[in-house]
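These are my notebook entries on a single protein chain. I record what I looked up, element by element.

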Amino acid sequence: FARRSELYQAQGDLTSARADLLDAAQGSGSPKQLLRALAELARQANDVGAELAAWRLALERLPDDVQVVQDAAERLLHLGKTREEARDFVRAKEAWEMAAGLSLSPQDRFDAWAGVARVCRGTGDFAGAEQALQLASRQGPVARRVDALMERGALLEARANTELAVARDAAEAKRFWADRKRLGAIAARTNAFKLNEDVVLP
């Protein structure tokens, strides 16, 4: 299959070349080079869906291969950004979410979740944006984490029956957390209602 794929590539038939590479990779005990070639062919053909599928397969088959994970992360972050700019929100979200699931630096993980949040907002999925912003706020530079929490707070505040309070100093933040702990303990004992997570900014 791999040899026939090369012949198809030489003839310019990238679709058949990709199909043969996929068959070769699925049947191979050492699929690394075949999967990388599959992703590259999809990139050359400008087939984002096929490239995302190739990287997903590569990560499923080779989850512990550091180089594959690094290459996938770099490419997925790029695809998330370019697909978002092109307003292809479905592919952008897929790329951002795949990237966020990898071993990334805190900055890159923040960027991935922030990308998911932007795409969700762009499609009107405000609950998805809130969740992505919550995840973004757990990594990255402190200033950007605070921005993510503030943006999430604004989304929450836009809901009915929701109030946002921001602590003005460390003493007020400590009081907020103490109130939150007491209310959580009461809710756990009474089991009368569900307590949603608060956003507290020290």
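Entry 1, A132. I looked up A132 and found it buried, because its relative accessible area is 1%, below the 20% cut-off. The model is a predicted one. A132 sits in helix 8. Setting aside residues up to four places away in sequence, I noted that A132 touches W113, V116 and A117. I also checked A132 against R152: the two are 20 residues apart in sequence, and their C-alpha atoms are 8.9 Å apart.

Entry 2, helix 7. The three partners of A132 led me to helix 7, where W113, V116 and A117 are among the buried residues. I listed the others there as R109, F110, A112, A114, G115, V119 and C120. I then asked which helices the buried residues of helix 7 pack against. They pack against helix 5, helix 6, helix 8 and helix 9. For its length, I noted 17 residues and a reach of 24 Å from the first C-alpha to the last, close to the 24 Å expected at 1.5 Å a residue. After helix 7 comes G124, with a positive phi near 85°.

Entry 3, overall make-up. I counted 10 helices and 0 strands in the protein. The order from the N terminus is therefore α throughout, written α-α-α-α-α-α-α-α-α-α. Of the 202 residues in the protein, 40% are buried. Among contacts between residues at least 6 apart in sequence, 45% join residues at least 24 apart.

Entry 4, the nonpolar core. In soluble globular proteins, nonpolar side chains tend to be buried together. I looked up the largest nonpolar core here and found 46 residues, with L59, L76 and L102 having the most contacts inside it. The elements that give two or more residues to this core are helix 2 (14-27), helix 3 (32-44), helix 4 (48-61), helix 5 (66-85), helix 6 (89-100), helix 7 (106-122), helix 8 (126-136) and helix 9 (142-157). Helix 7 supplies the largest share, 8 residues.

Entry 5, L59 and L76. L59 is in helix 4 and counts as buried, because its relative accessible area is 15%. Beyond its neighbours within four places in sequence, L59 is in contact with V68, V69, A72, L76, M98 and L102. L59 and L102 lie 43 residues apart along the chain, yet 9.1 Å separates their C-alpha atoms. With the same neighbours left aside for L76, I recorded contacts with L52, W55, L59, A95, M98, A99 and L102.

Entry 6, helix 5. I asked why the span of helix 5 agrees with its number of residues. At 1.5 Å a residue, its 20 residues should span 28 Å, and the end C-alpha atoms are 29 Å apart, which agrees. The buried residues of helix 5 are V68, V69, D71, A72, A73, R75, L76, L77, L79, G80 and E84; I note that D71, R75 and E84 are included in that list. These buried residues pack against helix 3, helix 4, helix 6 and helix 7. At the start of helix 5, a side-chain oxygen of D65 comes to within 3.1 Å of the backbone nitrogen of Q67.

Entry 7, helix 3 against helix 5. I looked up how the two axes lie: they come within 11 Å and cross at roughly 10°. Helix 3 is therefore roughly parallel to helix 5, the angle being under 35 degrees. Across this pair, K32, R36 and R43 in helix 3 meet Q67, V68, D71 and R75 in helix 5.

Entry 8, E94. Is E94 buried or exposed? At 19% relative accessibility, E94 counts as buried, since the cut-off is 20%. E94 lies in helix 6 and touches L52 and R56, residues up to four places away in sequence not being counted.

Entry 9, positive phi. Most residues other than glycine have a negative phi. I looked up two residues that depart from this. N46, not a glycine, has a positive phi of about 60°. N46 is in the loop between helix 3 and helix 4 and is exposed, with a relative accessible area of 65%. R87, also a residue other than glycine, has a positive phi near 65°. R87 is in the loop between helix 5 and helix 6 and counts as exposed at 60% relative accessibility.

Conventions: Residues are numbered from 1 along each chain as its sequence is written. This is a predicted model: local features need pLDDT of at least 70, side-chain atom pairs count only at pLDDT 80 or more; totals for chains, interfaces and linings use all residues. Side-chain values use heavy atoms; hydrogens and water are left out. A nonpolar core is a set of buried Ala, Val, Leu, Ile, Met, Phe, Trp, Tyr and Cys residues joined through side-chain atoms within 4.5 Å. Buried means under 20% relative accessible area, exposed over 50%, partly exposed in between (1.4 Å probe, protein chains only). Contact means heavy atoms within 4.5 Å. The expected span of a helix is 1.5 Å times one less than its number of residues. A polar contact is a pair of N or O atoms within 3.5 Å; within protein, one must be able to donate a hydrogen and the other to accept it, and residues adjacent in sequence count only if both atoms are side-chain atoms. Axes are lines fitted to C-alpha atoms, for helices over the stretch in contact, and angles run from 0 to 180 degrees between N-to-C directions. Angles under 35 degrees count as roughly parallel, over 145 as roughly antiparallel, 65 to 115 as roughly perpendicular and the rest as oblique.
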